[in-house]
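Colleague: Could you take me on a close look at one part of this model, the place where aromatic rings gather? I am new to this, so please go step by step.

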Amino acid sequence: MTADSGTHTGREGTHPPVSPRSPELVLCAVDEPLATAWTTAAETMTTGASPRAGGFATRTPQRGVAGRVRVHRGSVLDVVAQAVVSPANSYGWMRGGIDAVYARAFPGVEQHVRSAVLAFHGGELPIGEAVIVATGEAEPAWLISAPTMREPGELLPPDTVHPYLAARAVFLKWRDGELDHGPVRESVETIAMPGLGTGIGGVDPATCARQVAAAWDDVFGNRHPR
């Protein structure tokens, strides 16, 4: 079941809520290096300081946007959230790392992802794009698949920007995406995000965290008013 064919009805009998400018983002880590890197990134994302110092800069550094960001030391599935992030591969296979955890927790979700990738992207979801599918559970109701690698099991180079591209795709899907019953942002208040490429992909946790912070600033920063 994809976002375009889902049956999630949202808040019946009420007026549509006023959407916040950004979601609550919960950065999840089961190991200390990633937790430490997330904590540093979260400080920049909640204070509005520029995330671009220290190894990832695409434009002149400028002050970012403060948001609701926190760190969870533990499984992404322990977080109360409406959506979880799958740092998948471009073909939607969910056989390793956190994706295998999702596949066990949400039977059928891998087929939902693969069907969405086939229907909307011809069978290969480009890095920098994302799809949102139903998990079949009440919470989290949605899984956002944003590939960090093209092929399953791919080791990413040290200078990769794939965590940035994946995070940006997730944030854009929340900001601009549509479900059958309305905008994604009206059904998803909290997103739980694991490391992007830090497992099988071998990305350094600090690199991942800086790039996620930069993507947050690019999508929700003042230069992109919504």
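Modeller: Happy to! One term comes before the rest: rings of Phe, Tyr and Trp, the last by its six-membered ring, count as a pair if their centres lie within 6.5 Å. With that in hand, look at Phe171, Trp174, Trp216 and Phe220, which form one aromatic cluster. Please keep in mind that this is a predicted model.

The structure holds five aromatic pairs. In one of them, Trp174 meets Phe220 edge-to-face, with 5.8 Å from centre to centre and 75° between the planes. Trp174 belongs to helix H4 and Phe220 to helix H6, so this pair ties together parts that are 46 residues apart in sequence. Both Trp174 and Phe220 are buried. Phe220 also pairs with Trp216, again edge-to-face, at 4.8 Å between centres and 65° between planes. Here both partners sit in helix H6, four residues apart, which is about one turn of the helix. Trp216 is buried because its relative accessible area is 1%, under the 20% cut-off.

Now step back to the helices around these rings. H4 (residues 162-176) and H6 (residues 205-220) pack at an angle of about 35°, their axes 8 Å apart, and the crossing is right-handed. Phe171 and Trp174 are among the H4 residues in this contact, and Trp216 and Phe220 are among those from H6. The residues of the H4 contact with H6 divide into 13 nonpolar, two polar and three charged.

Note on methods
Residues are numbered from 1 along each chain as its sequence is written. This is a predicted model: local features need pLDDT of at least 70, side-chain atom pairs count only at pLDDT 80 or more; totals for chains, interfaces and linings use all residues. Side-chain values use heavy atoms; hydrogens and water are left out. Axes are lines fitted to C-alpha atoms, for helices over the stretch in contact, and angles run from 0 to 180 degrees between N-to-C directions. Helices (H or I, at least four residues) and strands (E, at least two) are DSSP runs, numbered from the N terminus. A crossing is left-handed if the near helix is turned anticlockwise from the far one by less than a right angle, and right-handed if clockwise. Contact means heavy atoms within 4.5 Å. Ala, Val, Leu, Ile, Met, Phe, Trp, Tyr, Cys and Pro count as nonpolar, Asp, Glu, Lys and Arg as charged, and the others, Gly among them, as polar. Rings of Phe, Tyr and Trp (its six-membered ring) pair if their centres lie within 6.5 Å; planes under 30 degrees apart count as stacked, over 60 as edge-to-face and the rest as tilted. Buried means under 20% relative accessible area, exposed over 50%, partly exposed in between (1.4 Å probe, protein chains only).
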